[in-house]
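Please walk through this model with the coordinates open, taking a few residues and one helix pair in turn.

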Amino acid sequence: MIDTPPSTLAAVPADGDADLPWLRTVAHRVQDSPEVFLSWLEEILGDEEAVRAAAKRSYWHPNGFAKMVLHASPDFRIRLHVWPESAEPSRGESNPHSHRWEFASTIVAGEGLHMVEFQETADGGKPYARYRYGADPANPAALLADGEARLELDKTPHVRLGEVYSCDTGIVHTVRPIAAGLTATVVIQGPHRTSTTVVYCEPGESDDQPNGELTEADFRALVGAVAEAVASCR
């Protein structure tokens, strides 16, 4: 299938476990073989069925960037996150959150991303309302209230064009583009390691943040813009 990545980028791990070191290896391959990654993007764009399937499993995040799933299998996923061309830097993902899976990512367009990593603390820090994502069997996307918490800053890593960032299920962070203009990152996502994860909202902030529909036209435009950016850097 067209949406299956070339084996030179992401062959299924020999032991069947897409662990964090393997995810990092794939992210580095995307950087080391831009021509292979670019060719794959162009193949996807040239296949109407692949575009249709990818657009159906993709969406606009409420904070203004596109989460596009280029490949999905039980072993791993490859996503393309795109902050579109803009005059001002996007605020990115402003709610501190963790993930149910490990991932490694690499910047393929734009200056890069600014991360802020947090940890809960008993004293000091900043107050947040804590929610649990994935805890409602009837609605896995719902956020269920899980008390209050205080967060303090732990690290502020910057990931620039050509660099790789990795994250396990214990990291709580926010992400935003460093600069205005097109920013894109390739995310290599492993299998679920936990059934739920946490999202923190500032007091008084609504937890109702629905995703937006991403059309086939959106998918084509965004992936095409990333392909142009990758080609210009070769």
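**From a strand to a helix pair**

Tyrosine 128 lies in strand E7, which spans residues 126-133, in what is a predicted model. With a relative accessible area of 8%, tyrosine 128 is buried, because burial is assigned under 20%. Not counting residues up to four places away in sequence, tyrosine 128 touches Pro96, Glu148, Ala149, Leu151, Tyr200, Cys201, Glu202 and Pro203. The C-alpha atom of tyrosine 128 is separated by 20 Å from that of alanine 141, and these two residues are 13 residues apart along the chain.

Pro96, one of the residues that tyrosine 128 touches, is also among those touched by histidine 173. Histidine 173 belongs to strand E11, made up of residues 172-177, and it counts as buried at 1% relative accessibility. Leaving aside residues up to four places away in sequence, histidine 173 touches Asn95, Pro96, His97, His99, Phe103, Val116, Glu117, Phe118, Tyr165 and Cys167. With tyrosine 165, histidine 173 also shares a polar contact between side chains, at 3.1 Å.

Cysteine 167, which appears among the residues touched by histidine 173, leads to the matter of sulfur pairing. How many disulfides does a search of the whole structure find? The search finds zero, and cysteine 167 accordingly is in no disulfide, the nearest cysteine sulfur being that of cysteine 201, 18 Å away. A disulfide would need two cysteine sulfur atoms within 2.5 Å, so the separation of 18 Å rules out this pair. Is cysteine 167 buried or exposed? Cysteine 167 is buried, with a relative accessible area of 1%, whereas cysteine 233 is exposed, with a relative accessible area of 54%.

A second histidine can be followed in a similar way. Histidine 114 is found in strand E6, which covers residues 112-120, and at 11% relative accessibility it counts as buried. The side chain of histidine 114 makes a polar contact of 2.9 Å with the side chain of histidine 158. When residues up to four places away in sequence are not counted, histidine 114 touches Thr156, Pro157, His158, Thr174, Val175, Arg176 and Ile178. Among these, Thr174 falls within the residue range 172-177 of strand E11, the strand in which histidine 173 lies.

From histidine 114 the path goes on to alanine 227, which is 113 residues apart from it along the chain, with 23 Å separating the two C-alpha atoms. Alanine 227 is found in helix H5 and is buried, with a relative accessible area of 8%. Its contacts, not counting residues up to four places away in sequence, are with Leu38 and Leu41.

Two packed helices are described by the angle between their axes and the distance between the axes. The axis of helix H5, residues 216-232, and the axis of helix H4, residues 48-56, come within 9 Å and cross at roughly 105°. Angles of 65 to 115 degrees count as roughly perpendicular, and H4 and H5 are therefore roughly perpendicular to each other. The contact is made on the H4 side by Glu48, Val51, Arg52, Ala54 and Ala55, and on the H5 side by Glu216, Phe219 and Arg220. Sorted by character, the residues of this contact between H4 and H5 divide into four nonpolar and four charged, with no polar ones.

Methods
Residues are numbered from 1 along each chain as its sequence is written. This is a predicted model: local features need pLDDT of at least 70, side-chain atom pairs count only at pLDDT 80 or more; totals for chains, interfaces and linings use all residues. Side-chain values use heavy atoms; hydrogens and water are left out. Buried means under 20% relative accessible area, exposed over 50%, partly exposed in between (1.4 Å probe, protein chains only). Axes are lines fitted to C-alpha atoms, for helices over the stretch in contact, and angles run from 0 to 180 degrees between N-to-C directions. Helices (H or I, at least four residues) and strands (E, at least two) are DSSP runs, numbered from the N terminus. Angles under 35 degrees count as roughly parallel, over 145 as roughly antiparallel, 65 to 115 as roughly perpendicular and the rest as oblique. Contact means heavy atoms within 4.5 Å. Ala, Val, Leu, Ile, Met, Phe, Trp, Tyr, Cys and Pro count as nonpolar, Asp, Glu, Lys and Arg as charged, and the others, Gly among them, as polar. A polar contact is a pair of N or O atoms within 3.5 Å; within protein, one must be able to donate a hydrogen and the other to accept it, and residues adjacent in sequence count only if both atoms are side-chain atoms.
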